[in-house]
Amino acid sequence: MSWIIWLLGSSGCRASTVPEIRVPRLESPPVIDGNLSEWKQLAFTDGVWDIYRLQQSPWFEPDRNRLTDHGHEPVPEDDLNARYYIAWDVNYLYLGAEVHDNVNDVVDPAHEDKRWYFKDCVAWFVEAPRDEVSESFGQGDNAFCFVIDARKPKYGAWWRHGAPGKTYIEEPIPEGAVDYAVAMNPWGRSQGDFILEARVKMAPTLGQSDPAWHPPVIGDIYGLEIVHTDPDGGDYGGHFLIYGKGDDDATWGKMVLMGPIRPVERKAN
Ligand SMILES: [Ca+2]
Ligand SMILES: [Ca+2]
Ligand SMILES: [Ca+2]
Ligand SMILES: [Ca+2]
């Protein structure tokens, strides 16, 4: 990831840092089975995120980026830490996460289908195409939200989005536009650990949200934020916000669609 300093406003007196996230195209489609090994080396990732790394990020706000303590909690880095992966091809966005979490919590006492953020959930907020206008789930804004519930309920893959003249449309990701798999406790270490592997078809989602969207080509620029919620038995609970500050899409990172990359090369010695 590189950092771009943008000067905003005609006075030029307000500076802001916008992360640039370079997302590679995949040459072969992954199998959506809860194992990322066939593509994670070919995807964008920037390593492990935990609360300590978040504290040092330019978008960190302590009332929003937070963990909770219900007693008998492990150390903060073991409460939640994760690696996130993203890639694309001509039809799909590919989304992955490898997560260490102490408790799997998908029970929401005031459940509504749209309340993914009161459950363990990984969400990718995508604006396509990115623009410079500050909007909150207006035209072009999409959240693809995966509740980490092995039962895969009907609200398990959720789409919050905008459309021309509309904001905050709440519905499941359309059938046929999403495939996902959740593997619980994949390393035999914690019942809260999981791997999420998903693909979302862009035309019936991004293409519905903004008529300016076109089939992806190298060089296209989207907006990106990752929101990972972790209630662990509480109410609103823990939140990681990565590359942005919430629903305002002007705070989201700049995601650039790149060509394929090669895996990290390791030297002989
Ligand atoms: Ca796979
Ligand atoms: Ca946790
Ligand atoms: Ca915008
Ligand atoms: Ca959890």
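**Exercise 1. What is the mean pLDDT of the chain, and how many of its residues, in percent, reach 70 or more?**

Solution. Start by remembering that this is a predicted model.
- Step 1: averaged over the chain, the pLDDT comes out at 93.
- Step 2: 94% of the residues reach 70 or more.
- Step 3: now look for a weak spot. Residues 6-15 have a pLDDT below 50, and beyond near neighbours in sequence this stretch makes 8 contacts in the model.

**Exercise 2. Work out how compact the chain is, given its secondary structure.**

Solution.
- Step 1: count the elements, and you get 3 helices and 14 strands.
- Step 2: compare sizes. The globule rule gives 18 Å for 269 residues, and the radius of gyration is close to that at 18 Å, so the chain is as compact as a globular protein of that length.
- Step 3: along the principal axes, the C-alpha atoms fit a box of roughly 50 × 45 × 45 Å.
- Step 4: check the burial, which covers 40% of the 269 residues.
- Step 5: take the contacts between residues at least 6 apart in sequence; 66% of them link residues at least 24 apart.

**Exercise 3. Find the largest nonpolar core and say which strand gives the most to it.**

Solution.
- Step 1: a bit of background: in soluble globular proteins, nonpolar side chains tend to be buried together.
- Step 2: here the largest such core holds 60 residues, and I86, A123 and F144 have the most contacts inside it.
- Step 3: strand β4 (residues 80-88) is the top contributor, with 7 residues.
- Step 4: zoom in on F144. Skipping neighbours within four places in sequence, its contacts are L95, A123, W124, V126, W159, I173 and V200.

**Exercise 4. Trace the open sheet of 5 strands and pick out its edges.**

Solution.
- Step 1: write down the order, β3-β4-β5-β11-β10, with antiparallel pairing.
- Step 2: β3 (48-49) and β10 (178-184) each have a single partner strand, so they stand at the edges with one side lacking a neighbour in the sheet.
- Step 3: go inside to β5 (residues 92-101) and β11 (residues 194-201), an antiparallel pair held by 8 bridges.
- Step 4: for a concrete handle, E98 has I195 of β11 as its bridge partner.

**Exercise 5. Which strands form a hairpin around G165?**

Solution.
- Step 1: the hairpin is made by β8 and β9, with 2 residues between them.
- Step 2: β8 (residues 157-163) runs antiparallel to β9 (residues 166-172), and 5 bridges join them.
- Step 3: one of the bridge partnerships is H161 with I169 in β9.
- Step 4: check the turn, where G165 has a positive phi of about 80°.

Technical notes: Residues are numbered from 1 along each chain as its sequence is written. Chains are lettered from A and ligands numbered from 1 in the order in which they are written. Helices (H or I, at least four residues) and strands (E, at least two) are DSSP runs, numbered from the N terminus. The radius of gyration is taken over C-alpha atoms; the globule rule is 2.2 Å times the number of residues to the power 0.38. A residue is buried if 20 or more other C-beta atoms lie within 10 Å of its own, exposed if 12 or fewer, and partly exposed in between; C-beta atoms are placed from the backbone. Two residues are in contact if their C-beta atoms, placed from the backbone, lie within 7 Å. A nonpolar core is a set of buried Ala, Val, Leu, Ile, Met, Phe, Trp, Tyr and Cys residues joined through C-beta atoms within 7 Å. pLDDT is the predictor's confidence in each residue, from 0 to 100. Two strands pair if DSSP finds at least two bridges between them.
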